[in-house]
Amino acid sequence: MTGKTPLKHSILIVDDEPEILFSIKGLLRREFNLYTAESGAEALEILREHPIHVVMTDQRMPEMTGVELIGKVKSEYPDAIRMVFTGYADIKAVIDAINKGGLFRYITKPWDPDELVDVLREAAAEYDRLVERRRLLADLKEHLGQGQDYAKRLVGQTTEAKEVNRYLENATQLLTRLQQQR
């Protein structure tokens with residue numbers, strides 16, 4: 001046993017109704033590192049100050065809707081997993097959230113507490129998967145770069161070394177394109 005404590009994922013809950021935030025805190029505080037905000041502006045401030053893994057926001061709020069907030073989160077904090085919840089069946093908001101915000105889930109109020117916890121666990125696992133993918137791509141790029149440096153030193157020696165160098169250059173270009181995708 002290593003004695004290592006598992007990472008508690010950071011979840012930001014945004015809702016203009018304090019009772020909802022209080023209720024969610026009670027449900028999630030043991031399993032997640034929770035942050036709450038009562039507005040989109042407050043949420044953006046928290047995102048600037050803390051590494052947040054999952055953002056779950058109400059859709060209908062004054063000044064900034066959940067979809068507007070999710071759009072900003074997507075452009076400024078692309079690794080954060082984004083979710084919207086609402087008590088109103090607004091199909092346009094659902095479509096906008098998916099198309100503009102790259103939404104992970106759209107949840108309706110009221111929610112089943114067990115289902116909400118399960119969805120947040122899934123979102124946290126998706127965050128871990130994305131972070132691990134990015135780390136593996138960076139490691140692979142570094143490894144290919146080292147191989148390319150080695151092959152360049154051998155270029156003058158053999159035709160095979162030139163082929164290896166060309167192969168590594170192509171692999172590095174493909175990896176760069178892959179890293180640019182999300």
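**Exercise 1. Find which residue of this predicted model carries the UniProt feature "modified residue: 4-aspartylphosphate", and describe its surroundings.**

Step 1. The UniProt record, an unreviewed entry, places this feature at D58.

Step 2. Locate the residue in the fold: D58 belongs to strand β3, which covers residues 54-58.

Step 3. Decide whether D58 is buried or exposed. Its relative accessible area is 3%. Buried means under 20%, so D58 is buried.

Step 4. List the contacts, leaving out residues up to four places away in sequence. D58 touches V14, D15, D16, G66, F85, T86 and K109.

**Exercise 2. Describe how strands β1 and β2 pair, and how the chain gets from β1 to β2.**

Step 1. Take the two strands: β1 spans residues 10-14 and β2 spans residues 33-37. They pair in the parallel sense, over five bridges.

Step 2. Pick out one position on β1. V14, one of the residues that D58 touches, stands opposite A37 in β2.

Step 3. Follow the chain. From β1 it passes through helix α1, residues 18-28, and then reaches β2. This β-α-β crossover is right-handed.

**Exercise 3. Search the whole structure for aromatic pairs and classify what is found.**

Step 1. The search yields one aromatic pair.

Step 2. Its rings belong to F85 and W111, with centres 5.2 Å apart and planes at 85°. Planes over 60 degrees apart count as edge-to-face, so this pair is edge-to-face.

Step 3. Place both partners along the chain. F85 lies in strand β4 (residues 81-86), while W111 lies in the loop between β5 (105-108) and α5 (113-154). They are 26 residues apart, and the pair links distant parts of the chain.

Step 4. Check the burial of F85. Its relative accessible area is 0%, so F85 is buried. F85 is also among the residues that D58 touches.

**Exercise 4. State where I24 lies and which residues it touches.**

Step 1. I24 is part of helix α1, the helix on the path from β1 to β2.

Step 2. With a relative accessible area of 2%, I24 is buried.

Step 3. Leaving out residues up to four places away in sequence, I24 touches I13, L34, M56, F85 and W111. Among them are F85 and W111, the two partners of the aromatic pair.

Step 4. Compare positions along the chain and in space. I24 and L116 are 92 residues apart along the chain, and their C-alpha atoms are separated by 9.5 Å.

**Exercise 5. Find what lies over the face of F104.**

Solution. R105 does, at 4.4 Å from the ring centre.

Terms used:
Residues numbered from 1 in each chain as written. Predicted model: local features only at pLDDT ≥ 70, side-chain atom pairs only at ≥ 80, totals over all residues. Heavy atoms only, no water. Pairing = 2+ DSSP bridges. Helix = DSSP H or I, 4+ residues; strand = E, 2+ residues; numbered from the N terminus. Right-handed = clockwise from strand over helix to strand, strands pointing away. UniProt positions renumbered as here; feature names shortened; annotations may be inferred. Buried < 20%, exposed > 50% of the residue type's maximum accessible area, 1.4 Å probe, protein only. Contact = heavy atoms within 4.5 Å. Phe/Tyr/Trp six-rings, centres within 6.5 Å; stacked < 30°, edge-to-face > 60°. Lys NZ or Arg CZ within 6 Å of the ring centre and 35° of its normal.
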